[in-house]
Amino acid sequence: MARIARLFLPGMPLHVIQRGADRQLCFFETANYLWYLQQLQRQAMLHGCLLHAYVLMSNHVHLLLSAESIGAVSGMMKALGQEYAHYINWRRRRTGPLWDGRYKSCVVQDVTYLLICQRYIELNPVRARMVNYAGHYRWSSYRCNAEGRDDALIHPHPLYLSMGSTPGERQQAYAALFQADEEMALQALRAASRSNAVVGSAEFVRKMQNP
C-alpha cells in the first residue's frame, strides 16, 4: 500500500502523534517518561525543531512543533523513536516493535487552530480521566503554558506570546481558554491528524491541498 504523502509548510505548526504498537503501553514507569523527554529535547535541538506543546500518555505521544523542513521533523522522530525503543527493549528485556509504524501528523493553521491544538494536546489526560485538572498531570506542557513553570522543552509560538505583554498575562489568558467548548474544531483536528492532512479555515485547507 502506498504511503500517504505528508503535507508540510516551512515554519507552520505541525501536530505529531506517535502511538504504541497495537495501542499497547510505551511508558511503564517514571524513569521512562524522564528519559523520553530528555531525548526529545536533545533531538529537537539537533534537528532544529521548536516544540510548543506536548503530552506523554501511557500508550502514545502528542507533539506540537514548528520546523523549517519536513526532513527536520522526520529526522527527529526517527532518531527519537529508535533510541527510545532500544532503551525500552533493553530496560524491560523485551523484543519487537514498540511503535505503531510511522508517526502521523497534520499541518495546523496557526491563526485559527494553533491554540485549539495546544489545548487538545494538554487536555488528553483529562479526557482519558487520568486527572480532573490538566495541571495535575506531570507529563505535559500545561504547567508551563498555563502556570509558568520552567520547561526547557517549550518554545512559545508567537501567537501564544501575543496573548499578553507579560508572562503572567499570557498564562492567565491561556488558562482561561480551557473553559471554551470547541467540539467541532476538535473533531476537525482529530480527522486531520489521522490522515496526515491539514486543519484550518476552508481557504487555508484548499490552498494547502492545491498548491
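A residue counts as buried here when its relative accessible area is under 20%. The model is predicted, and this tour of it follows the aromatic rings.

Start by selecting Tyr33, which has a relative accessible area of 9% and is therefore buried. Next add Trp139; its relative accessibility is 10%, so Trp139 is buried as well.

Now look at how these rings face one another. There are 14 aromatic pairs in the model. In one of them, Tyr33 and Trp139 are stacked, with 4.7 Å from centre to centre and 10° between the planes. Colour the backbone by secondary structure to see what this contact joins: Tyr33 belongs to helix H1 (residues 30-47), while Trp139 is in the loop between helix H4 (124-127) and helix H5 (142-145), so the pair ties together parts 106 residues apart in sequence.

Move on to Tyr174 and Phe178. This aromatic pair is edge-to-face, with the planes at 80° and the centres 5.2 Å apart. Are the two residues buried or exposed? Tyr174 has a relative accessible area of 0%, so it is buried. Phe178, at 15% relative accessibility, counts as buried too.

Return to Tyr33 and Trp139 and widen the selection. Both belong to one aromatic cluster, together with Phe27, Trp35, Tyr36, Tyr84, Tyr87 and Trp99. Show the side chains of these residues to view the cluster as a whole.

For the last stop, select Phe28 and Arg92. What sits over the ring of Phe28? It is the charged end of Arg92, placed 3.9 Å from the ring centre.

Note on methods:
Residues are numbered from 1 along each chain as its sequence is written. This is a predicted model: local features need pLDDT of at least 70, side-chain atom pairs count only at pLDDT 80 or more; totals for chains, interfaces and linings use all residues. Side-chain values use heavy atoms; hydrogens and water are left out. Rings of Phe, Tyr and Trp (its six-membered ring) pair if their centres lie within 6.5 Å; planes under 30 degrees apart count as stacked, over 60 as edge-to-face and the rest as tilted. Helices (H or I, at least four residues) and strands (E, at least two) are DSSP runs, numbered from the N terminus. Buried means under 20% relative accessible area, exposed over 50%, partly exposed in between (1.4 Å probe, protein chains only). A charge sits over a ring if NZ of Lys or CZ of Arg is within 6 Å of the ring centre and within 35 degrees of the ring normal.
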